[in-house]
Amino acid sequence: MARSPAPEDHTTLWGLIGEVTMSKVMTAWMMGLAIGLFPSLAAAGVCSLEVSPLTVELRMDPAHTYTETITVKNMGDGSEHIRAYCQDWTLKPDGVVVFVSAGRLPGSASPWVYLLPAEFDLEPGETQRIRYTIRLPAGASGEARTAIMFEAGARELSAPGAPSRLVPRVGTILYVQAGPSPPARARAVSLEIDRTGGMLAVENLGTAHLRFTAQIEVRDSRGALARRCGLNPFVVLPAPFNGHKARLGPDILEGLSAGSYTITAILDYGGEALLGARVEIELGPEPPIEIASEQ
Amino acid sequence: MRTSVVVLTMIVACSALLGMSAVSWGATDQETVTINATVSAKAKLTIGVAAINFADADPDTVPSIAAAENPVSVTVKAQTAGASTVTLTVAADGDLDSGADTIDITNVTWTATGAGFVAGTMNTSAQSAGSWTGSGQQSGTFSYSLANSWDYNAGSYTQTVVYTLTAP
């Protein structure tokens, strides 16, 4: 069975986790700046890739093997050479996903994943099933993660003189829990808000990822509900990437008159109880809207 | 949304697995392995062009060069579990490169149209290009600009940029 090749390392992305790297021959997009008499690049056809499934969450016992398939379909209008490989990934506190070469991050499942085939060609409309096998080591414990990437256009990039192509890359996110599922534990760290917006900070205290849904309630000085809104759901990984800062938009307090308010964030992360964070604020009058006058 | 929880109880004949694993098992043993798998359905990322070009222009009269292919259509289709967030990130492989000459990649910016698509500045670190909650189809456009300057050496500059769709 073929082992997924590791992409070449070279680009520092995120200081928090040291040298974070990405593939040099990843999804291709050539930007040509023509200054003087230089040829421009011809735009090629539509690049479209469909991958199923998008997320897999597994719980399995150490020292065992699991095999399943992922389906990749070329939905574009040209033939594509697809490369499959694993990358580590993590989430920045603002929720942006960062991809790192395989085996570099704590909690990496990449070394345990084997892909077959690791490279293949797809004509428009064609589908390929890729078998992935996870071999969990005997000593594995806790949660590990990887992203199985499907990248088109590798052949075009590697051919000297060939035009670069813009192609999508789609990743199947894989969570592997070795052994029993751990209890979900989390805490709300802080809640800050004013008329310009705010921030809700939470921390995952467990050893597996948590999926949060959150609601914000605004009550006036009499306790009457003035506003209720939901935040976009978010994932928080276990340590060392276990902090998340959810941005609150200014719309939460928009239109409220001056006065005292209590803001409460109510979070459901799948634990035994809901989490809460509360802050009391004194709202001044809304700033006047400046309208530019015509001369 | 099409999320399924599959509980598989497999009787594994270890002798069949010996060739696949470094784990040592007895040749005649049998084990019961319980695997819980939660799987979410599928996603599709479509980008309308394969390359963008910034034509030569006088920095005095054209301080910002728009890409010839603007606007570039982008479509994201996803079926996920209800609380999942679909994210599109972008990262450049380096600065714009023409032999020994380079142009800082942060001189490339883009604007976005379409719900959930995000404008930004190109960087070698991952930048959000869009995010959405749950299943659905999202259509938008990206329009790219290069800040023009007399400081750029003449050349044909290229770089690789990666758009990645996932649903953590």
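**Strand pairing, domains and backbone features of a predicted two-chain model**

Pro71(B) is placed in the loop between strand E5 (64–66) and E6 of chain B, where helices (H or I, at least four residues) and strands (E, at least two) are DSSP runs numbered from the N terminus. The peptide bond that leads from Asn70(B) into Pro71(B) is cis, with omega near -10°. The model is a predicted one, in which local features need pLDDT of at least 70, side-chain atom pairs count only at pLDDT 80 or more, and totals for chains, interfaces and linings use all residues. Residues are numbered from 1 along each chain as its sequence is written, while chains are lettered from A and ligands numbered from 1 in the order in which they are written.

A second cis peptide bond occurs in chain A, from Leu116(A) to Pro117(A), with omega near -5°. Pro117(A) is found in the loop between strand E7 (113–116) and strand E8 (119–122) of chain A. Ala63(A), a residue other than glycine, has a positive phi, near 65°. Most residues other than glycine have a negative phi, and most peptide bonds are trans. The loop that holds Ala63(A) runs between strand E3 (55–60) and strand E4 (65–74) of chain A. A residue is called buried if 20 or more other C-beta atoms lie within 10 Å of its own, exposed if 12 or fewer, and partly exposed in between, with C-beta atoms placed from the backbone. Ala63(A) is partly exposed because 19 other C-beta atoms lie within 10 Å.

The confidence of the model was examined next. The scores are ipTM 0.79 and pTM 0.80. For chain B the mean pLDDT (the predictor's confidence in each residue, from 0 to 100) is 78, and 76% of the residues of chain B reach 70 or more. Among the elements of chain B, strand E1 (residues 4–13) has the lowest mean pLDDT, 28, and strand E11 (residues 120–121) the highest, 97. Over residues 1–29 of chain B pLDDT stays under 50, and the model has 40 contacts beyond four places in sequence for this stretch. Two residues are in contact if their C-beta atoms, placed from the backbone, lie within 7 Å.

Chain A contains one helix and 18 strands, and chain B one helix and 15 strands. Buried residues account for 44% of the 295 residues of chain A and for 39% of the 168 residues of chain B. In chain A, 70% of the contacts between residues at least 6 apart in sequence join residues at least 24 apart. The corresponding figure for chain B is 70%.

Strand E3 (residues 42–47) of chain B is largely enclosed by the rest of the structure, because five of its six residues are buried. Strands are taken to pair if DSSP finds at least two bridges between them. Strand E2 (residues 47–52) of chain A runs antiparallel to E3(B) and is joined to it by five bridges. Within this pairing, Lys44(B) is the bridge partner of Glu50(A). E3(B) is also joined to strand E6 (residues 72–79) of chain B by six bridges, and these two strands run antiparallel. Here Thr46(B) has Thr75(B) in E6(B) as its bridge partner.

A nonpolar core is a set of buried Ala, Val, Leu, Ile, Met, Phe, Trp, Tyr and Cys residues joined through C-beta atoms within 7 Å. The largest such core has 107 residues, of which Ile148(A), Val176(A) and Ala43(B) touch the most other members. Leaving aside residues up to four places away in sequence, Ala43(B) touches residues of chain A, including Val51(A), Leu54(A) and Val170(A), and residues of chain B, among them Val86(B), Leu165(B) and Ala167(B).

Chain A is divided into domain 1 (15–22 + 47–178) and domain 2 (186–283), with bounds that come from an automatic or database domain assignment. The centres of the two domains, taken over C-alpha atoms, are separated by 33 Å. The contact takes 10 residues from domain 1 and 12 residues from domain 2. On the side of domain 1 that touches domain 2, strand E5 (80–91), strand E10 (142–152) and strand E11 (169–178) of chain A each give two or more residues.

Gly271(A) lies in the loop between strand E17 (259–268) and strand E18 (275–283) of chain A. With 15 other C-beta atoms within 10 Å, Gly271(A) is partly exposed. Gly271(A) touches Ala184(A), Arg185(A) and Ala186(A), not counting residues up to four places away in sequence.
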